[in-house]
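Please look through the sequence and the structure below before reading on. The report that follows moves from one loop residue to the wider fold, and then to the pairs of side chains.

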Amino acid sequence: TYDYYIQQREDRARETLQAKKDIVIGVAWPKDHSGYFMEGVNLAVEEINEAGGVKLSNRCEVCVQTSAEKHNCEKMANCDKYEKFRPLCDTCKRQQISNGKEWSGVKITVLLEEEAYLKQPNPHTRNASQALANQIARQFVDNLDIIAVVGHAPSSEAVPASVTYRSYGILFIAPASSNAQLTRPGFNLTFRTIPNNRQMAEQLA
């Protein structure tokens with residue numbers, strides 16, 4: 001099942017790049033959470049899109065669609081692993097220039113789902129918040145346009161969400177989770193951006 005969803009996501013990502021469609025990233029974050037997280041997300045997306053999007057100028061369609069021998073490109077001949085992501089060879093660079101072809105970027109689109117913000121959590125509100133987070137995670141994995149998710153502020157929501165995203169082959173970045181359990185399983189698509197609780201305690205000790 002995992003391999004199936006991984007393949008499904010890879011196929012969708014490849015279609016997105018080939019069709020120059022927007023890259024869709026899911027964001028799960030409380031609307032009333034303190035700080036400027038969403039402002040930062042929107043600013044980053046705005047800056048990337050205004051600069052032309054995610055650049056694809058280091059990828060060569062001509063190299064992908066034809067053989068290394070035809071172009072006599074040593075870089076291509078030595079690259080047998082990443083067939084669809086080979087570097088732009090000198091021959092194709094010259095052909096690109098002669099054809100006057102410009103390589104445009106792919107824009108980013110953010111799909112925001114608001115989580116619950118618990119100022120003074122209790123068992124009842126915490127359970128409701130976790131249920132909402134699980135619902136959001138399911139909505140994201142059911143949307144085949146989404147190739148990555150950022151968010152789920154508390155660790156109590158980020159950790160179970162990471163299991164869901166891993167099972168469906170979606171890259172997940174948790175920007176606020178400090179629970180070591182988030183990355184302890186070693187999921188290859190789950191990333192944290194801050195130290196875990198143990199690492200912070202060791203620095204304070």
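## Ser-177 and its loop

Leaving out residues up to four places away in sequence, Ser-177 touches Ala-153, Ser-155, Ala-158, Leu-182, Arg-192 and Ile-194. The model in which these contacts appear is a predicted one, and Ser-177 is found there in the loop between strand 4 and strand 5. Is Ser-177 buried or exposed? With a relative accessibility of 0%, Ser-177 counts as buried, because the cut-off for a buried residue is a relative accessible area under 20%. One of the residues that Ser-177 touches is Ile-194, and although Ser-177 and Ile-194 are 17 residues apart in sequence, their C-alpha atoms are 7.3 Å apart in space.

Gln-181 lies in the loop between strand 4 and strand 5 as well, but Gln-181 is partly exposed, at a relative accessible area of 34%. Between the C-alpha atoms of Gln-181 and Ser-155, which are 26 residues apart along the chain, the separation is 8.8 Å.

## The chain as a whole

The protein chain has 205 residues, and buried residues make up 34% of them. Its secondary structure comes to 9 helices and 5 strands, and, read from the N terminus on, these elements follow the order α-β-α-α-α-α-α-β-α-β-α-β-β-α. If one takes the contacts between residues at least 6 apart in sequence, 62% of them join residues at least 24 apart. The accessible surface of the protein chain comes to about 12,600 Å², and carbon and sulfur atoms account for 50% of that surface.

## Strands 3, 4 and 5

Strand 3 and strand 4 pair in the parallel sense, over 3 bridges, and in this region Ala-148 stands opposite Leu-171 of strand 4. Strand 4 has two faces: Phe-172 and Ala-174 belong to the covered face, whereas Leu-171 and Ile-173 belong to the uncovered one.

Thr-190 has its place in strand 5, which covers residues 190-192. At 6% relative accessibility, Thr-190 counts as buried, and, when residues up to four places away in sequence are not counted, Thr-190 touches Ser-162, Phe-172, Leu-182 and Thr-183.

## The nonpolar cores

Which residues have the most contacts inside the largest nonpolar core? This core has 17 residues, and those with the most contacts inside it are Phe-140, Val-149, Tyr-165, Phe-172 and Leu-182. Two or more residues of this core come from each of strand 1 (23-30), helix 7 (123-142), strand 3 (146-151), helix 8 (155-167) and strand 4 (171-174). Apart from this core lies another one, of 7 residues, among them Met-38, Val-45, Ile-108 and Ala-153.

Tyr-165 gives a view of the surroundings of a single core residue: if its neighbours within four places in sequence are left aside, Tyr-165 is in contact with Ala-137, Phe-140, Val-141, Val-149, His-152, Ile-170 and Phe-172.

## Aromatic pairs

The count of aromatic pairs comes to 2, and the table sets them side by side.

| Aromatic pair | Arrangement | Centre to centre | Angle between the planes |
|---|---|---|---|
| Trp-29 and Phe-37 | stacked | 3.9 Å | 25° |
| Tyr-165 and Phe-172 | tilted | 5.1 Å | 45° |

Why is the pair of Trp-29 and Phe-37 called stacked? The planes of Trp-29 and Phe-37 are 25° apart, and this pair counts as stacked because planes under 30 degrees apart are given that name. Trp-29 is buried, with a relative accessible area of 6%. In the tilted pair, Tyr-165 counts as buried at 0% relative accessibility, and Phe-172 is likewise buried, with a relative accessible area of 0%.

## The salt bridge

How many salt bridges does the structure hold? The structure holds 1 salt bridge, in which the side chains of Arg-198 and Glu-202 meet at 3.4 Å, N to O. Arg-198 and Glu-202 are 4 residues apart in helix 9 (residues 197-204), so they are separated by about one helical turn. As for their surroundings, Arg-198 is exposed, with a relative accessible area of 61%, whereas Glu-202, at 48% relative accessibility, counts as partly exposed.

Methods:
Residues numbered from 1 in each chain as written. Predicted model: local features only at pLDDT ≥ 70, side-chain atom pairs only at ≥ 80, totals over all residues. Heavy atoms only, no water. Phe/Tyr/Trp six-rings, centres within 6.5 Å; stacked < 30°, edge-to-face > 60°. Buried < 20%, exposed > 50% of the residue type's maximum accessible area, 1.4 Å probe, protein only. Salt bridge = Lys/Arg side-chain N within 4 Å of Asp/Glu carboxyl O. Core = buried A, V, L, I, M, F, W, Y, C linked by side-chain atoms within 4.5 Å. Contact = heavy atoms within 4.5 Å. Areas by Shrake-Rupley, 256 points an atom, 1.4 Å probe, with all protein chains shown as cover. Pairing = 2+ DSSP bridges.
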